[in-house]
Amino acid sequence: MSKVEIYTDGACRGNPGPGGWAAVLRGADYEKVLQGAETETTNNRMELTAAVRALDALKQPCRVTLYTDSEYVQRGISEWLPAWKTRGWKTAGRKPVKNQDLWQQLDAAAGRHAVDWRWVRGHAGNAGNEQADRLANAAIDEMLRVNNEE
């Protein structure tokens, strides 16, 4: 099973507002960058999208170390998800889980791999996290530039 390191990040200008996501995938002999943007979204949706797209990009089951600066993603997948599923996608307060569609996609994508979820402090000098942050923001800039030209 191949080993892959993934750094993900989401960004949003306003919450909700224009948002971007990015992932940097590093294998033994390659680096792949993924990024995208949406016109009206939230930071949490972009953080989740980055992780989903990164895991979905892997063509075979891998041992993945996934770094995120989102406690929402890290704690959600590691702590909250099993209880949400048991309760029929309800929180402990019996309210619907926000971003259920993306959590279900992330659960399915992660299930194809052996994932070690690692939280890193954002904007604290972690090179992979900083690169993903720059790419997520660049995706927003590019989307806004293209939309302004139309």
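These are my notebook entries on the strands, helices and a few local oddities of a predicted model.

**Entry 1: the sheet**

I started with the strands and asked in what order they sit in the sheet. I read the order as 3-2-1-4-5, five strands in an open sheet with mixed pairing. Next I looked for the edges: strand 3 (31-41) and strand 5 (114-119) each have a single partner strand, so each keeps one side without a neighbour in the sheet. From one strand to the next I get an average twist of 20°.

**Entry 2: strands 2 and 3**

I zoomed in on strand 2 (residues 17-26) and strand 3, which pair antiparallel over nine bridges. For register I noted that Leu25 has Lys32 of strand 3 as its bridge partner. Ala23 I found opposite Leu34 in strand 3. The connection between strand 2 and strand 3 is a hairpin, and four residues make the link.

**Entry 3: what packs on the sheet**

Which strands does helix 1 touch? I listed strand 1 (2-12), strand 2, strand 3, strand 4 (62-68) and strand 5. The direction of helix 1 makes about 155° with that of strand 1. Helix 4 (residues 127-149) also packs on the sheet, and for this helix I wrote down contacts with strand 1, strand 2 and strand 3. Against the direction of strand 2, helix 4 runs at about 135°.

**Entry 4: helix 1 with helix 3**

I then took helix 1 (residues 43-57) against helix 3 (residues 100-111): the angle is about 25° and the axes are 9 Å apart. I call the two roughly parallel, because the cut-off for that word is an angle under 35 degrees. The crossing of helix 1 and helix 3 is left-handed. On the helix 1 side I picked out Arg45, Leu48, Thr49, Ala51, Val52, Leu55 and Asp56. Helix 3 answers with Asp101, Leu102, Trp103, Gln105, Leu106, Ala109 and Ala110. Sorting the residues of this contact by class gave me nine nonpolar, two polar and three charged.

**Entry 5: helix 2 with helix 3**

How do helix 2 and helix 3 pack, and at what angle? I have about 95°, with 11 Å between the axes. That makes helix 2 roughly perpendicular to helix 3. From helix 2 the contact takes Tyr72, Val73, Gly76, Ile77, Leu81, Trp84 and Lys85. From helix 3 I noted Trp103, Leu106 and Asp107. Trp103 and Leu106 are also listed in the contact of helix 3 with helix 1. By class, the helix 2 contact with helix 3 splits into seven nonpolar, one polar and two charged residues.

**Entry 6: aromatic pairs**

I counted six aromatic pairs. One of them is Trp80 with Trp84, a tilted pair with ring centres 5.9 Å apart and 45° between the planes. Why about one helical turn between Trp80 and Trp84? They are four residues apart in helix 2 (residues 71-86), and that spacing gives the turn.

**Entry 7: backbone oddities**

I checked the loops last. The peptide bond between Asn15 and Pro16 is cis, with omega at about 20°. Pro16 belongs to the loop between strand 1 and strand 2. Asn99 caught my eye too: its phi is positive, about 65°, although this residue is not a glycine. I placed Asn99 in the loop between helix 2 and helix 3.

Technical notes: Residues numbered from 1 in each chain as written. Predicted model: local features only at pLDDT ≥ 70, side-chain atom pairs only at ≥ 80, totals over all residues. Heavy atoms only, no water. Axes fitted to C-alpha atoms, helices over the stretch in contact; angles between N-to-C directions. Parallel < 35°, antiparallel > 145°, perpendicular 65-115°, else oblique. Left-handed = near helix turned anticlockwise from the far one by under 90°. Contact = heavy atoms within 4.5 Å. Nonpolar A, V, L, I, M, F, W, Y, C, P; charged D, E, K, R; others polar. Pairing = 2+ DSSP bridges. Phe/Tyr/Trp six-rings, centres within 6.5 Å; stacked < 30°, edge-to-face > 60°.
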